[in-house]
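Here is a short report on the helices, a strand pair and the charged side chains of one protein model. Please keep the sequence and the 3D view open while you read.

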Amino acid sequence: MKNLKHKFGATACERNSIKFPSKLERSCYDWLIGMKKRGKIRMFLRQIPFDLPGGSKHFVDFCIFTETDVLFVEAKGRDLPVGKLKRKQAEELYDVDIHVVTEPQQLEKLILAAEAC
């Protein structure tokens with residue numbers, strides 16, 4: 001079988017038998033596992049689908065549950081116009097905020113800010 005390149009240049013990888021479309025998403029997963037172990041978050045889910053008009057879907061990489069809040073987070077190396085449009089549609093249809101992180105360390109800042117409110 002031929003190895004196909006990712007259309008955006010991301011490198012697919014794996015951790016704990018879970019396949020990730022990019023190293024950034026895998027790094028965010030690792031960061032969240034560490035935060036869970038330290039008691040900073042209650043739990044998290046991966047690849048949350050939002051149904052959009054026209055039969056399309058928008059997948060958010062992580063749904064993070066803190067003691068007082070629920071955060072939707074996307075790990076993006078490149079935030080392209082189609083992704084921005086789908087994210088905006090999902091935010092408006094479902095009345096949620098979807099946060100974009102470009103490095104795993106931003107997750108902790110995001111969670112601390114949510115807890116401070």
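Helices and strands here are DSSP runs, numbered from the N terminus. The model is predicted. By that naming, helix H2 is followed by Asp95, whose phi is positive, near 50°.

## Helix H2

H2 covers residues 81–94. Its 14 residues, at 1.5 Å a residue, should span 20 Å. The end C-alpha atoms are 20 Å apart, which agrees.

Which residues of H2 are buried? They are Gly83, Arg87 and Ala90. Looking down the axis of H2, these buried residues fall within an arc of 65°, so they line one face of the helix. The face turned away from that buried side carries exposed residues: Pro81, Val82, Leu85, Glu92 and Leu93.

The cover over the buried residues of H2 includes four strands. These are S3 (43–51), S4 (57–65), S5 (70–75) and S6 (98–101).

## Helix H3

H3 takes in residues 105–116. For its 12 residues the expected span is 16 Å, and the end C-alpha atoms are 17 Å apart, which agrees.

Leu107, Leu110, Ile111 and Ala114 are the buried residues of H3. Seen down the helix axis they fall within an arc of 95°, so they line one face of H3. Lys109 and Ala116 are exposed, on the face turned away from the buried side. Helix H1 (23–37) is part of what covers the buried residues of H3, and so are S4, S5 and S6.

## The S3–S4 hairpin

S3 and S4 pair in the antiparallel sense, over 8 bridges. Met43 stands opposite Phe65 in S4. The two strands form a hairpin with 5 residues between them. Gly54, in the turn, has a positive phi of about 85°.

## Salt bridges

Side chains of opposite charge can pair when their charged atoms come close. With a cut-off of 4 Å between a side-chain nitrogen of Lys or Arg and a carboxyl oxygen of Asp or Glu, the count comes to 8 salt bridges. Three of them are set out below.

| Acidic residue | Basic residue | N to O distance |
|---|---|---|
| Glu25 | Arg46 | 3.9 Å |
| Glu67 | Arg42 | 3.5 Å |
| Asp79 | Arg87 | 2.5 Å |

Take Glu25 and Arg46, whose side chains meet in a salt bridge. Glu25 lies in helix H1 and Arg46 in strand S3, so the pair ties together parts that are 21 residues apart in sequence. Glu25 counts as buried, at 3% relative accessibility. Arg46 is partly exposed, with a relative accessible area of 26%.

Next comes the salt bridge of Glu67 with Arg42. Glu67 sits in the loop between S4 and S5, and Arg42 in the loop between H1 and S3, so this pair ties together parts that are 25 residues apart in sequence. Glu67 counts as exposed at 55% relative accessibility. Arg42, at 47%, counts as partly exposed.

The third pair is Asp79 and Arg87. Asp79 is partly exposed at 27% relative accessibility. Arg87 is buried, with a relative accessible area of 8%. Salt bridges that share partners join Glu74, Lys76, Asp79 and Arg87 into one network.

## Two charged residues in H1

Is Glu25 buried or exposed? At 3% relative accessibility, Glu25 counts as buried. What does Glu25 touch, leaving aside its neighbours within four places in sequence? Glu25 is in contact with Phe20, Arg46, Gln47, Asp61, Phe62 and Ala75. Among these contacts is Arg46, its salt-bridge partner.

Arg26 also lies in helix H1. Arg26 is buried yet has no salt bridge. Which side chain of opposite charge is nearest to Arg26? That side chain is Asp30, 4.7 Å away. A salt bridge needs the nitrogen and the oxygen within 4 Å, so this pair does not count as one. Beyond its neighbours within four places in sequence, Arg26 is in contact with Cys13, Glu14, Arg15 and Phe20. Phe20 appears in the contacts of Glu25 and in those of Arg26.

Notes. Residues are numbered from 1 along each chain as its sequence is written. This is a predicted model: local features need pLDDT of at least 70, side-chain atom pairs count only at pLDDT 80 or more; totals for chains, interfaces and linings use all residues. Side-chain values use heavy atoms; hydrogens and water are left out. The expected span of a helix is 1.5 Å times one less than its number of residues. Buried means under 20% relative accessible area, exposed over 50%, partly exposed in between (1.4 Å probe, protein chains only). The arc is that of the directions from the helix axis to the C-beta atoms. Contact means heavy atoms within 4.5 Å. Two strands pair if DSSP finds at least two bridges between them. Lys and Arg count as positive and Asp and Glu as negative; His and the chain ends are not counted.
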